[in-house]
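My notebook is open and the model is loaded. I will jot down what I look up, one entry at a time.

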Amino acid sequence: MAMNRIQFQSGMSLFEHFQQFGTEAQCVAALERMRWPDGFRCPSCGGAANCVLHGSPRKTFQCNACHHQTSLIAGTLFEATKLRLTVWFLAIDLIGEAKTGLSALALKRDLGVGYPTAWLIHHKLMQAMVEREAATVLCGTVQVDDAYLGGELVGGTAGRGSENKVPFIGAVSLNDQGHPLRAKFTPVSGFTRAAIAQWAGANLAPTSTVVSDGLACFAGVTDIGCTHQPTVVGTRKPKELPMFHWINTVLGNLKTRFSGAYHSFDFGEYAERYLGTIAYRFNRRFDLRALPIRLLVTATACGPRPESWIRRVADVPC
């Protein structure tokens, strides 16, 4: 069997990570380059001339024109953190390259922090990934399927009506050779035509050709102008349905990652973050070495996400 070059990428080793980001000074310099690649600009007036204030726990700039003071971490995902940047940068590396997922408990052990701190770091970085993925629009030939997260609760409703099951749409766009390009995994309110039309409007280009099974709700993609090619599956096995090969493969891998890495989390509250994280990694799999740096850029541009905000957003129903 030929080697899959995408899977056998070397990525960034931990040794290389500590060479580049092993000290606080290295992390400060890297974050400053991310924020202001052309030099400092005052967020208040846009001025470039500045001085650096001494005595602050974080590097702080003062604009010479308007005297506005700006901490290096202000306005980023790291705002108000008491942790060293070396801890954050290591978390970005570990989470970014964790193909099979990384639980908050495993992150706690790797970073040497308490579980609540590891949980918050994990969810902040996942939120940054979700917000970055929100702009992804699939086009061309797109295979879609309905799926659920979670299982039945003891004494609860069985089947699709289970209180612990979160419905979501899996979608994979293909190139001209039939190979997967990008994926999206999106929680939905239910498998109705209206819900699918709303999902398609936010996640598909109107010129897309959508390949799905015979579930009636998928006809909703035509409401935004997509071409729909349904296939009634019946009793046929997956190997007899090559038109669904990649969506079945991707969803199978997704469920394996969940069962292997995450043993306890609230599907109803956090499904969007965990699904969005898997899509983020999948869509950047072609350059694994650059993935941690890209996640650092995403975190820098994301904006502050305090714990109260992280938990409040999770409480909003899909």
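**Entry 1: Asp223 and its partner**

I started with Asp223 and found it partly exposed, at 47% relative accessibility. Its partner is Arg193, and the two form a salt bridge whose closest N and O atoms are 2.7 Å apart. The pair links distant parts of the chain, since Arg193 belongs to helix 6 (residues 193–203) and Asp223 to the loop between strand 7 (209–213) and strand 8 (227–231), 30 residues apart. Arg193 has a relative accessible area of 41%, so I noted this residue as partly exposed too. I should add that I am working with a predicted model.

**Entry 2: more salt bridges**

How many salt bridges does the count come to? I get seven salt bridges. The background I keep in mind is that side chains of opposite charge can pair when their charged atoms come close.

I then looked up Arg58, which forms a salt bridge with Glu24, with 3.6 Å between the closest N and O atoms. Arg58 sits in the loop between strand 1 (50–53) and strand 2 (60–63), while Glu24 is in helix 2 (residues 24–35), so this pair ties together parts 34 residues apart in sequence. Is Arg58 buried or exposed? Its relative accessible area is 17%, and because buried means under 20%, Arg58 is buried. Glu24, at 27% relative accessibility, is partly exposed.

Next on my list was Glu131, which forms a salt bridge with Arg305, the closest N and O atoms lying 2.9 Å apart. I placed Glu131 in helix 5 (residues 115–133) and Arg305 in the loop between helix 9 and helix 10 (307–314), so this salt bridge ties together parts that are 174 residues apart in sequence. Arg305 counts as buried at 15% relative accessibility, whereas Glu131 is partly exposed, with a relative accessible area of 30%.

**Entry 3: along helix 5**

While I was at Glu131, I also checked Tyr115, another residue that lies in helix 5. Tyr115 is partly exposed, at 38% relative accessibility. I computed the separation of the C-alpha atoms of Tyr115 and Glu131 and got 24 Å, for residues 16 apart along the chain.

**Entry 4: helix packing**

For this entry I used the usual description: two packed helices are described by the angle between their axes and the distance between the axes. I took helix 3 (residues 85–96) and helix 4 (residues 104–111), which pack at an angle of about 135° with their axes 11 Å apart. That angle makes helix 3 oblique to helix 4. The crossing of helix 3 past helix 4 is right-handed.

How is helix 1 (residues 14–21) placed against helix 3, and at what angle do their axes cross? I found a crossing of roughly 150°, with the axes coming within 11 Å. Helix 1 is therefore roughly antiparallel to helix 3, as angles over 145 degrees count that way. Helix 1 also passes helix 3 in a right-handed crossing.

**Entry 5: phi angles**

I went looking for backbone angles that stand out, as most residues other than glycine have a negative phi. His67 has a positive phi of about 65° although it is not a glycine. I located His67 in the loop between strand 2 and strand 3 (69–71), and His67 is exposed, with a relative accessible area of 52%.

Ala80 is not a glycine either, yet has a positive phi of about 75°. Ala80 lies in the loop between strand 3 and helix 3, the helix I had just looked at for packing. At 62% relative accessibility, Ala80 counts as exposed.

**Entry 6: a nonpolar surface patch**

Which residues form a nonpolar patch on the surface? I wrote down Ile6, Leu181 and Phe286, which together have about 240 Å² of accessible area. I followed up on Leu181, whose place is in strand 6 (residues 180–187). Leu181 is partly exposed, with a relative accessible area of 35%.

**Entry 7: Ala301**

My last lookup was Ala301, which I found in helix 9 (residues 291–302). Is Ala301 buried or exposed? At 66% relative accessibility, Ala301 is exposed. I paired Ala301 with Leu254, 47 residues apart along the chain, and their C-alpha atoms are separated by 27 Å.

Methods
Residues numbered from 1 in each chain as written. Predicted model: local features only at pLDDT ≥ 70, side-chain atom pairs only at ≥ 80, totals over all residues. Heavy atoms only, no water. Patch = residues over 30% accessible without salt bridge, like charges linked within 9 Å, V, L, I, M, F, W, Y side chains within 5 Å. Areas by Shrake-Rupley, 256 points an atom, 1.4 Å probe, with all protein chains shown as cover. Salt bridge = Lys/Arg side-chain N within 4 Å of Asp/Glu carboxyl O. Helix = DSSP H or I, 4+ residues; strand = E, 2+ residues; numbered from the N terminus. Buried < 20%, exposed > 50% of the residue type's maximum accessible area, 1.4 Å probe, protein only. Axes fitted to C-alpha atoms, helices over the stretch in contact; angles between N-to-C directions. Parallel < 35°, antiparallel > 145°, perpendicular 65-115°, else oblique. Left-handed = near helix turned anticlockwise from the far one by under 90°.
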